[in-house]
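Open the model in your viewer and keep the sequence panel visible. The tour goes from one selection to the next.

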Amino acid sequence: MSASHRPIVRIVGLGNIGFRHLQGLSRMADEIAIEGLDVDEAAVARAREEWQNIPSAQGRFSSPEEISSPADLTVLATSAAGREALLERHLDIGSRQFLLEKVVFTEPDAFGRAEQALEAVGAVAYVNTARRLWPLHRKIKAMADLAKAPVSLEVVGHNLGLACNGVHFIDLLHMVSGRGDISTTGAEISTPWASKRPGYYEVWGDVTFESGDSRLRLSVQPDGPERPSMRLKLGDREFVVDEASGMVTADGDVVADAGRAPYQSELSVEYARPMLARLPPALPSLSESAKAHAALFEAIRPAFEDAGLMNGQQIPIT
């Protein structure tokens, strides 16, 4: 079968997360053709070697400048800065389905502009806050639906990445509570410090978010536990959630066991299969995710303003 008869999945950005998507899509290697794009020649070479080692795999790997035709599914796995322009470029060449990594954009107003651009051409975009795909959190969602009670989540840790990963947990509150609107109700944020990615910053902090009568407390501190802890309260019942093992306990008794936390490379087919069938994946749309991002931005923006790190309206996080 020639590549033209297979749907094209294009991965833009072949760094760590893009490479994980590539590995995950290997489970569909006999069904799709891959296009991997990156400005880094070493990243392109590594991805090409990975894909060529898979039986029946078809694909091409190149610089982004070499692409001028649409893909059936486009994964934008670059850093946040410049992603809006990247989305616009791929819309211009006719691509109509997108998976966006988070943090999606660094400027709050970019969400509205991107939603309008997508709607104008009938395109769709979903955001890879992948905890929605974890069996553990699907079980917790089922527990919350059965309890029909307010949800309270508390997440405490050290190496969570409040700025770069906080939206994962805000989206989890959105998913478990079943409510769409999210607001920041309290925030104590540190002075931003340089992250491992040049030009981007991280923060420590303690933030609370509310969605209707449900609540999330997210605490990321330099002296926090290396192994994050999560507590869940449904009405009057309290549970301890171990994301690593996939277990939920109450008073020491196991009430749910979903198995270990999946890797991104094990989840990629869960968005790719439905999207290639023109069906929505179990991930938030860009408009849904915009609400989670807005709550995160509301919490951390004052710290970036006080530190003089804002570039216009852009918050330098990714």
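Start with the hairpin of S15 and S16 in this predicted model. Two residues lie between the strands, and Asp251 takes a positive phi near 55°. The two strands pair in the antiparallel sense over four bridges. Select Ala250 and look across to S16: its bridge partner there is Asp253.

Stay on S15 and show its side chains. Val248 and Ala250 make up a covered face, while Met247 and Thr249 make up an uncovered one. In a regular strand, side chains alternate between the two faces of the sheet.

Now add S14. S14 and S15 form another hairpin, with four residues between them. Gly246, in the turn, has a positive phi of about 80°. This pairing is also antiparallel, over three bridges, and Val241 stands opposite Val248 in S15.

Next, select helix H5, residues 135-147. Its 13 residues should span 18 Å at 1.5 Å a residue, and the end C-alpha atoms are 18 Å apart, so the two agree. Which residues of H5 are buried? They are Leu136, His137, Ile140, Met143 and Ala144. Look down the axis: the buried residues fall within an arc of 110°, so they line one face of the helix. They pack against S14, S15 and S16, among others, including helix H6 (162-177). Just after H5 comes Lys148, with a positive phi near 50°.

Finish with the largest nonpolar core, which has 66 residues. Phe209, Leu286, Ile300 and Ile317 touch the most other members. Select Ile300: among the residues it touches are Ala163, Ile189 and Val203. Another core, of 30 residues, lies apart and includes Trp51 and Leu267.

Technical notes: Residues numbered from 1 in each chain as written. Predicted model: local features only at pLDDT ≥ 70, side-chain atom pairs only at ≥ 80, totals over all residues. Heavy atoms only, no water. Expected span 1.5 Å × (residues − 1). Buried < 20%, exposed > 50% of the residue type's maximum accessible area, 1.4 Å probe, protein only. Arc of directions from axis to C-beta. Contact = heavy atoms within 4.5 Å. Core = buried A, V, L, I, M, F, W, Y, C linked by side-chain atoms within 4.5 Å. Pairing = 2+ DSSP bridges. Lists of a residue's contacts leave out its neighbours within four places in sequence.
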